[in-house]
Amino acid sequence: MKKSDGREYSHEVLEAYRYRAIELYQKGKSVQEIAFFFGVHRGSVSLWIKTWKEKGKFALKSKKALGPEPKLKKED
């Protein structure tokens, strides 16, 4: 089975994966087991857990990307 880093899933699905991964981690599942269960790379799961530990569960929520800085000023 080919592993995914999550780019092929919608934001809503990934958010649900992140929350569920934390629940499984708290119940004693390993990072490897969680990654296999969701079909994502273990590095992704490790990053989710690290983010949760450092910033809390709210940091795992999906958010819209800001995009690049505008090149033109409002006056232009």
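**View 1. The chain follows the pattern α-α-α when read along its sequence.** This is a predicted model, and its secondary structure comes to three helices and zero strands. Of the 76 residues in the chain, 24% are buried. The accessible surface adds up to about 6300 Å², and carbon and sulfur atoms account for 56% of this surface. Now think about contacts between residues at least 6 apart in sequence: 59% of these join residues at least 24 apart.

**View 2. Lys-61 and Glu-15 form a salt bridge.** In this pair, the closest N and O atoms are 3.8 Å apart. Glu-15 sits in helix H1 (residues 11-26) and Lys-61 in the segment after helix H3 (42-55), so the salt bridge ties together parts that are 46 residues apart in sequence. The two partners are worth a look one by one. Lys-61 is partly exposed, its relative accessible area being 39%. Glu-15, with a relative accessibility of 16%, counts as buried, because the cut-off for buried is under 20%.

**View 3. A second close-up of a salt bridge shows Glu-23 and Arg-20.** Their side chains meet with a distance of 2.9 Å from N to O. Both residues belong to helix H1, where they lie three residues apart, about one turn of the helix. Glu-23 is partly exposed at 32% relative accessibility, and Arg-20 is also partly exposed, at 33%. The chain's count of salt bridges comes to two. As a handy reminder, side chains of opposite charge can pair when their charged atoms come close.

**View 4. Here we turn to rings, with three aromatic pairs counted in the chain.** Tyr-25 and Trp-52 make one of them, an edge-to-face pair with 6.3 Å from centre to centre and 80 degrees between the planes. Tyr-25 lies in helix H1 and Trp-52 in helix H3, so this pair ties together parts that are 27 residues apart in sequence. Tyr-25 itself is partly exposed, with a relative accessible area of 27%.

**View 5. Phe-37 and Phe-38 form an edge-to-face pair.** Their ring centres are 5.0 Å apart; the planes meet at 75 degrees, so the pair counts as edge-to-face, the cut-off being over 60. Which of these residues is buried, and which is exposed? Phe-37 is exposed, with 58% relative accessibility, whereas Phe-38 is buried, with 9%. Look for Tyr-17 here too: ring pairs link Tyr-17, Phe-37 and Phe-38 into a cluster.

How values were computed
Residues numbered from 1 in each chain as written. Predicted model: local features only at pLDDT ≥ 70, side-chain atom pairs only at ≥ 80, totals over all residues. Heavy atoms only, no water. Salt bridge = Lys/Arg side-chain N within 4 Å of Asp/Glu carboxyl O. Helix = DSSP H or I, 4+ residues; strand = E, 2+ residues; numbered from the N terminus. Buried < 20%, exposed > 50% of the residue type's maximum accessible area, 1.4 Å probe, protein only. Contact = heavy atoms within 4.5 Å. Areas by Shrake-Rupley, 256 points an atom, 1.4 Å probe, with all protein chains shown as cover. Phe/Tyr/Trp six-rings, centres within 6.5 Å; stacked < 30°, edge-to-face > 60°.
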